[in-house]
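Welcome to this guided tour. Open your viewer, switch to a cartoon view, and follow along one selection at a time.

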Amino acid sequence: MSATVIDGKRFAEGLRGRIADHVSRLKSDHGITPGLAVVIVGHDPASQVYVTNKAKQTAEVGMASFKHELSAEVPEGDLLELIARLNGDDTVHGILVQMPVPDHIDANKVINAIAPSKDVDCFTPANVGKLVIGLPGPVSCTPLGCLMLLRDQLGSLSGLNAVIVGRSNLVGKPMAQLLLRDNCTVTMAHSRTRDLSEVVHAADIVIAAVGRPQMIKGDWIRPGATVIDVGINRIPAPERGEGKTRLVGDVEFASASQAAGAITPVPGGVGPMTIACLLANTITTASLINGLVPPRDLTA
Ligand SMILES: Nc1nc2c(c(=O)[nH]1)N[C@@H](CN(C=O)c1ccc(C(=O)N[C@@H](CCC(=O)O)C(=O)O)cc1)CN2
């Protein structure tokens, strides 16, 4: 069997088109221009690329885009002050601090400084709580992107066995909540899980978010399962020339695509959905801040 390759890049383009329509309506019907502030601390090359893409795509859908670049040595207090300023700025409806932050900065302090009403990453305890009990609000970007791809691929997820490999706050834990909401039977697997290959083999849906290149092998995948690969790992690619690298996921794509019914590639799968869902969350927070009901097609 050769799996359907789920085109996250194309889906994300379509989603951004719908977001642009909502932005136009917010402007014309309510006089609201959604604004997203992105903050980056330091010069990590991958983070620079993500933040540049976020700012560019924010502007492309017609939102106001604010980019704040701070040096790697910036004192924690200066970052907290900037966040406080953005919290009080009425032109800003979403605030995102690119992770990871340098070691001298306490990421939890930074997250807790963001007003929950503007927390478009859904990192604050208040928004994580809302996600768990199903109240309206932003939804963690990467899990929301995975859910949208799954619904598009499978229709109803009700009753399916979903196995999530990885229990991070960024992906694994919120993903479990979203799949539960869609009536999946959810198993969370992690580094201490016994017989991981057998656990994965029981899944109709596999979410690979473990951060280890190509760890999940093709013979772990149940024939016909849907595989969502969240991993983004850069590995040496000597076949491309000396010192060259390439991106791979947490799943061994070549073998897994022989067994799976559908699978996301890396790159071009979940990654582009993360940024599109960030924009969707900015529509959600801009709507809620202004007492409007967020559009249903942009949230979980
Ligand atoms: N505050 C946040 N920090 C981080 C998040 C996040 O959601 N919020 N997630 C990741 C990084 N990330 C977004 O910030 C992100 C990662 C990957 C992609 C993406 O489009 N990947 C491409 C490949 C890009 C490449 O060539 O390197 C793909 O998979 O096709 C977008 C966003 C950590 N930090």
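Before the first stop, a word on terms: helices (H or I, at least four residues) and strands (E, at least two) are DSSP runs, numbered from the N terminus. Two strands pair if DSSP finds at least two bridges between them. You are looking at a predicted model, in which local features need pLDDT of at least 70, side-chain atom pairs count only at pLDDT 80 or more, and totals for chains, interfaces and linings use all residues. Residue numbers start from 1 along each chain as its sequence is written.

**Stop 1: the two domains**

Colour residues 30-115 as domain 1 and residues 141-271 as domain 2, the two parts into which the protein is divided. These bounds come from an automatic or database domain assignment. The centres of domain 1 and domain 2, taken over C-alpha atoms, are separated by 28 Å.

UniProt, in an unreviewed entry, has its own ranges. It places "domain: Tetrahydrofolate dehydrogenase/cyclohydrolase catalytic" at residues 6-121. Select that range, and you have a stretch that is 50% helix and 16% strand, with its end C-alpha atoms 24 Å apart. For residues 140-287, UniProt lists "domain: Tetrahydrofolate dehydrogenase/cyclohydrolase NAD(P)-binding", again from an unreviewed entry. Here the chain is 37% helix and 19% strand, and the end C-alpha atoms are 17 Å apart. UniProt positions are given in the numbering used here, feature names are shortened, and annotations may be inferred rather than shown by experiment.

**Stop 2: the three-stranded sheet**

Now look for an open sheet of three strands, in the order β3-β2-β4, with parallel pairing. Which strands are at its edges? Select 64-70 for β3 and 94-97 for β4: each of them pairs on one side only. On average, and ignoring direction, neighbouring strands of this sheet are turned by 15 degrees against each other. For angles, axes are lines fitted to C-alpha atoms, for helices over the stretch in contact, and values run from 0 to 180 degrees between N-to-C directions.

Add residues 35-41 to see β2, which pairs with β4 in the parallel sense over four bridges. Along this pair, A37 stands opposite I95 in β4. Next, show residues 45-60: this is helix α2, which packs on the sheet and touches β2 and β3. The direction of α2 makes about 165 degrees with that of β2. Contact here is between residues whose C-beta atoms, placed from the backbone, lie within 7 Å.

**Stop 3: the six-stranded sheet**

Another open sheet has six strands in the order β1-β11-β8-β7-β5-β6, with parallel pairing. β1 (4-5) and β6 (185-189) each have a single partner strand, so one side of each is left without a neighbour in the sheet. Further in, select 161-165 and 205-208: these are β5 and β7, paired in the parallel sense over four bridges. A162 has I205 of β7 as its bridge partner. Helix α6 packs on this sheet, touching β7, β8 (226-229) and β11 (262-263), and its direction makes about 160 degrees with that of β8.

**Stop 4: around the ligand**

How many residues surround the ligand? There are 19, and the closest are Y50, M99, P267, G271 and T274. A residue is near the ligand if its C-beta atom, placed from the backbone, lies within 6 Å of it. The elements α2, β4, α6 (141-154) and α10 (270-289) each supply at least two residues of this shell, and α10 gives the largest share, four residues. Domain 1 and domain 2 each provide at least three.

**Stop 5: backbone details**

Zoom in on the loop between β4 and α4 (107-113), where P100 is located. The peptide bond from M99 to P100 is cis, with omega near 0 degrees. Then move to P267, in the loop between β11 and α10. The bond from V266 to P267 is also cis, with omega near 0 degrees.

Key
Two residues are in contact if their C-beta atoms, placed from the backbone, lie within 7 Å.
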